[in-house]
Amino acid sequence: MKVLVVGSGGREHAIAWKLAQSPKVSQVFVAPGNGGTLRDTNLKNLALSDPHELADWAEQNKVVLTVVGPEAPLAAGIVDIFRGRGLRIFGPTKAAAQLESSKAFAKDFMQRHGIPTARYAVFGDADAAHAYVAEQGAPIVIKADGLAAGKGVVVAMTLDEAHAAIDMILRDNVLGVTHNVEGARVVIEQFLQGEEASFIVISDGKEVVALATSQDHKRLLDCDEGPNTGGMGAYSPAPVVTPNVHAKAMHEIVLPTIAGMAKDGIPFTGFLYAGLMIDAEGRPYTIEFNARLGDPETQPILMRLKSDLFELLMAATEGQGALKDVELQWDRRAALGVVLAAHGYPLQPRKGDGIDGLPPDQDDAMVFHAGTAANGDGQLVTSGGRVLCATALGESVRVAQQRAYELLEPIRFDGMQLRRDIGHRAVKR
């Protein structure tokens, strides 16, 4: 059976790689894909990105299942377009994807349904936002309301940083935010103390199946310093998500969210990502929702998944309640991925630098591609901010960490940025 994966990042490379392992899948197409999916003989790139053209192609080529990786096509309504044509697609509708595409929508939803999250206020007027920050003090969190490729959050430790972030989002749009119909807005949130974790589930609109827990590293530099990024590395499982925290996250956050969306008339199907802040007493709060798998969390999570991803996503698109009896099998080993980023990332990543030294693929150690492409001479070059993610399995997070860093050691491109401490919280436990 033919499967189509929409997207071009590391998440999509990992999804396509995992889907191709299913004995039921004859061919995986990736639209538009990247340099890594181009080099993989089990995958085939498709030079299409328009949702209507993709729906035409899927219909003409008898694609059995389409899986959407990134947030932008979800927010643009690709799921609605495919479903309108009677095509099977995994992901949330445009209305349901607002949990990610509008921070203001998500915060209002959580407040309405009693889901634990930080205090907040929403502003479209910069002067009013500045006055609110001056009144609240720092530290404080400033978020762009629309999509910003993972870079729309500033954790301001000082008032100067907070005021600069407001101007950056509302006045200058330095982050390249895709604004919603209300125009440029910021969500200003109470700063929460604790440890972050990524809690991702699959939903059919009613039932949910939890994926393995994970934790990513948002800051650019070692010791969690520097600007926020889309993620500089991740590992799975996350020790901070104890069985008690897991139960609370399911019963206080995930299940009320799925029930609340259904009650509001916009049932959520697809991957639901809850970014958690877990306080010192083990109470989880919702920092954000994403309407898709996290990147780079996907790479270590899918490396640990032993169940057939194709069968899982087919079940999830059968209709509400189809996931009721599904149980997933996981590799008992840990997995860890380290992102190699381009010069100038996150604000002005440079493109076109040649990439050398890529190691061969292994079952338990893979370099997933994100911002890569082949130039006119067939040379692999950088083409985005996060370029590669070296991911490996190990008997513990420490061993997985060691193997991932060994895997990336021969890789070279000019201006390469990486953190040397991915997984440090788990290793110290």
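Here is a short chat about strand β7 and helix α10 in this predicted model.

Colleague: How many of the five residues of strand β7 are buried?
Modeller: Happy to start there. Buried means under 20% relative accessible area. In β7, residues 140-144, that applies on one side to Ile 140, Ile 142 and Ala 144, and on the other to Val 141 and Lys 143. The strand is largely enclosed by the rest of the structure because the buried residues number five of the five.

Colleague: Which residue of β9 stands opposite Lys 143?
Modeller: Let's look at both partners of β7. With β8 (residues 153-156), β7 pairs in the antiparallel sense over four bridges, and there Ile 140 stands opposite Ala 156. With β9 (residues 186-190), β7 also runs antiparallel, joined by five bridges. In β9, the residue opposite Lys 143 is Val 187.

Colleague: Where does helix α10 bend?
Modeller: Good one to check on screen. α10 covers residues 243-263, and its 21 residues reach 28 Å from first C-alpha to last, close to the 30 Å expected. Within α10 there is still a bend of about 40 degrees, and it falls at Met 250.

Colleague: Which strands are included in what covers the buried residues of α10?
Modeller: First, the residues to be covered: the buried ones in α10 include Val 245, Ala 249, Ile 253 and Thr 257. An α-helix has 3.6 residues a turn, so residues three or four places apart point the same way. The cover includes the helices α6 (98-101) and α7 (103-113), and the strands β10 (195-204), β11 (208-210), β16 (269-278) and β17 (284-290).

Key. Residues are numbered from 1 along each chain as its sequence is written. This is a predicted model: local features need pLDDT of at least 70, side-chain atom pairs count only at pLDDT 80 or more; totals for chains, interfaces and linings use all residues. Side-chain values use heavy atoms; hydrogens and water are left out. Buried means under 20% relative accessible area, exposed over 50%, partly exposed in between (1.4 Å probe, protein chains only). Helices (H or I, at least four residues) and strands (E, at least two) are DSSP runs, numbered from the N terminus. Two strands pair if DSSP finds at least two bridges between them. The expected span of a helix is 1.5 Å times one less than its number of residues. The bend at a residue is the angle between axes fitted to the seven residues ending there and the seven starting there. Contact means heavy atoms within 4.5 Å.
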